[in-house]
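Q: Please take a close look at the open sheet in this model, the helices that pack on it and the ligand shell. I would like one connected description.

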Amino acid sequence: MNAPLAHPVVGSTVLDVKGLQASIGRVPVLRGVDLNVGAGETVALLGRNGVGKTSTLRAILGLLQRRGGSVAFQGADIGRLPAYKLSGLGIGYVPQGRGIFPVLTVEENLFLGLRSAPDPELVEDIYTRFPRLAERRFQAAGTLSGGEQQILAIGRCLMRKPSLILLDEPTEGIMPKLVAEIRREIAAIAKRGVAVLLVEQNVRTALALASRIYLMERGQVVHEATSHDLTTDPSTIHRYLGVAL
Ligand SMILES: Nc1ncnc2c1ncn2[C@@H]1O[C@H](COP(=O)(O)OP(=O)(O)OP(=O)(O)O)[C@@H](O)[C@H]1O
């Protein structure tokens, strides 16, 4: 497993979000979100339903209209760039619900939207990592299970060699056997130096994968902590999320 998926620059900030505001219609959904992700770091956004986690990812990508604040990627302001340009810069996005086209084959989904011929080494690497995708490469993606579709969506994102991936609830609605596999894959991606901003409902998954956690309430980050601190003092998780660890 040594295909080059990214070129880590240890210690530098990959994503820097300051005071991000956004509305849906007239309703403000983000009221000044501040967060950052370092190169090769996995950071998770946690919060109760409807606090604005998905909206944060969408606003970073420009899929939700920003009303204020700034978004910098590798030190450059991307606030005015249209969403479709971001993939070329090295920002990958795996949306909630995965965005898989069920009537296209697994391989067609994997190669979808690439601007140049797929890198054969990378294709080989992805099929080696995910043998289930290799076995079904010419099968309609709609025949895959939810977990396999999630893995396909992650694979498609990796085809573009991102240095940052925004992952929205990758384990939602996935059977437990595949949750472990998806967790392993996210950890493997991070190990290769790709930065990950993860939105998760599953607190244990978030704590296992991320080194830092941002807790959101009502469209803002209200608390930041290391996973280690949250694990050793679960009262913070209980206070913000209402769940016991
Ligand atoms: N299309 C929409 N129209 C109107 N309001 C919306 C729309 N999408 C989201 N919202 C509202 O925006 C707020 C933030 O939603 P968002 O999906 O970002 O939250 P979330 O933290 O990701 O929640 P969840 O975990 O339920 O996905 C919520 O109050 C939600 O009801």
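A: What follows takes the sheet, then its helices, then the ligand shell, and last a separate set of paired strands.

The model is predicted. Its open sheet has six strands in the order β6-β7-β8-β3-β9-β10, with mixed pairing. At the edges are β6 (91-94) and β10 (220-226), each of which pairs on one side only. From one strand to the next the twist averages 20°. At the β10 edge, β9 (residues 212-217) is joined to β10 by six bridges, and these two strands run antiparallel. Within that pairing, Ile213 has Ala225 of β10 as its bridge partner.

Two helices can be placed against this sheet. Helix α7 (residues 176-191) packs on the sheet and touches β3, β7 and β8. The direction of α7 makes about 150° with that of β8. Helix α1 lies across β3 (42-47), β7 (164-168), β8 (195-199) and β9, and runs at about 145° to β7.

Helix α7 also has a helical neighbour, α6 (residues 146-158). The axes of α6 and α7 come within 10 Å and cross at roughly 10°. Angles under 35 degrees count as roughly parallel, and α6 and α7 are therefore roughly parallel to each other. On the α6 side of the contact are Gly147, Gln150, Ile151 and Ile154, which meet Leu178, Ile182 and Glu185 of α7. Sorted by class, this contact has four nonpolar, two polar and one charged residues.

Helix α1 leads to the ligand. With three residues, α1 gives the most to the shell around the ligand. Both α1 (53-60) and β2 (27-38) supply at least two residues of that shell. The residues surrounding the ligand are Ile24, Val27, Val29, Gly47, Asn49, Gly50, Val51, Gly52, Lys53, Thr54 and Ser55. By class, the shell has four nonpolar, six polar and one charged residues.

Further pairing involves β1, β4 and β5. Strand β1 (residues 13-24) pairs with β4 (residues 66-73) in the antiparallel sense, over six bridges. Here Val17 stands opposite Val71 of β4. Strand β4 is in turn joined by two bridges to β5 (residues 76-77), again running antiparallel. In this second pairing, the bridge partner of Ala72 is Asp77 in β5. The strands β4 and β5 form a hairpin with two residues between them. Gln74, in the turn, has a positive phi of about 50°.

Definitions and conventions
Residues numbered from 1 in each chain as written. Predicted model: local features only at pLDDT ≥ 70, side-chain atom pairs only at ≥ 80, totals over all residues. Near = placed C-beta within 6 Å. Helix = DSSP H or I, 4+ residues; strand = E, 2+ residues; numbered from the N terminus. Nonpolar A, V, L, I, M, F, W, Y, C, P; charged D, E, K, R; others polar. Pairing = 2+ DSSP bridges. Axes fitted to C-alpha atoms, helices over the stretch in contact; angles between N-to-C directions. Contact = placed C-beta atoms within 7 Å. Parallel < 35°, antiparallel > 145°, perpendicular 65-115°, else oblique.
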